[in-house]
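Thanks for making time this morning. I would like to walk through one glutamine and one strand, and then stop for discussion.

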Amino acid sequence: VEAVHLIADGKAPRIPQPKEGATYEGIQKKENAEISWDQPAASLHNWIRGHDKVPGAWATIDGQVVTFYGSSLLDASVPTGQELAIKGASRPGLVTKNGLIIFGNDGKMVLVRNLQFEGGKMIPASKYFSADETTALELTEEEKKMAEDIK
């Protein structure tokens, strides 16, 4: 009760918290989350996962900022896939059926499952080269009848 009265009267002591031993890190900004490619795969994975979901670790691909989400370390032989040049990376990534494979400077691999473009569009990384393709929705006769009934 005494503490509440001191606060209400504006007489409560104010002791600044020392910075020594503090563990709080300030809010990360997007411009500080760019991926530095000259590090081992485990560090790349930790960087991507540490920035997942906000602000999102990013790199430049084809002149645009692409944000990486959902990484995991991959301990297998190098899969087959389509090469993808990533600005700053010493080795191109590989778009595979499971996602985007990126390489650390130790030659080990990280699998990235989702990519988000500057406009906000998110796609599975495995669909990077087919992201612009659109397919028309074709309804069966039964579905067409159901659509008419709903209208």
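The side chain of Q39 places a polar atom 2.6 Å from the backbone oxygen of S36, and I should say at once that this is a predicted model, so please hear every distance as computed from predicted coordinates. Q39 sits in the loop that links α1, residues 2-8, to α2, residues 41-50. Is Q39 buried or exposed? Its relative accessibility is 19%, and because buried here means under 20%, Q39 counts as buried. If we set aside the neighbours within four places in sequence, the residues in contact with Q39 are L44, G104 and N105.

Turning to the annotation, UniProt lists residues 29-130 in an unreviewed entry as "domain: Formyl transferase C-terminal". In the model, that span is 10% helix and 39% strand, and its end C-alpha atoms lie 30 Å apart.

Now to the strand, β1, which covers residues 57-61. In a regular strand the side chains alternate between the two faces of the sheet. In β1, A57, A59 and I61 are buried on one side, while W58 and T60 are buried on the other, and both faces are therefore covered. Put as a count, 5 of the 5 residues of β1 are buried, so the strand is largely enclosed by the rest of the structure.

As for its partner, β1 runs antiparallel to β2, residues 64-74, and 5 bridges join the two; A57, for instance, has F68 as its bridge partner in β2. Together β1 and β2 form a hairpin with 2 residues between them, and D62, in the turn, has a positive phi of about 50 degrees.

Notes
Residues are numbered from 1 along each chain as its sequence is written. This is a predicted model: local features need pLDDT of at least 70, side-chain atom pairs count only at pLDDT 80 or more; totals for chains, interfaces and linings use all residues. Side-chain values use heavy atoms; hydrogens and water are left out. Helices (H or I, at least four residues) and strands (E, at least two) are DSSP runs, numbered from the N terminus. Buried means under 20% relative accessible area, exposed over 50%, partly exposed in between (1.4 Å probe, protein chains only). A polar contact is a pair of N or O atoms within 3.5 Å; within protein, one must be able to donate a hydrogen and the other to accept it, and residues adjacent in sequence count only if both atoms are side-chain atoms. Contact means heavy atoms within 4.5 Å. UniProt positions are given in the numbering used here, feature names are shortened, and annotations may be inferred rather than shown by experiment. Two strands pair if DSSP finds at least two bridges between them.
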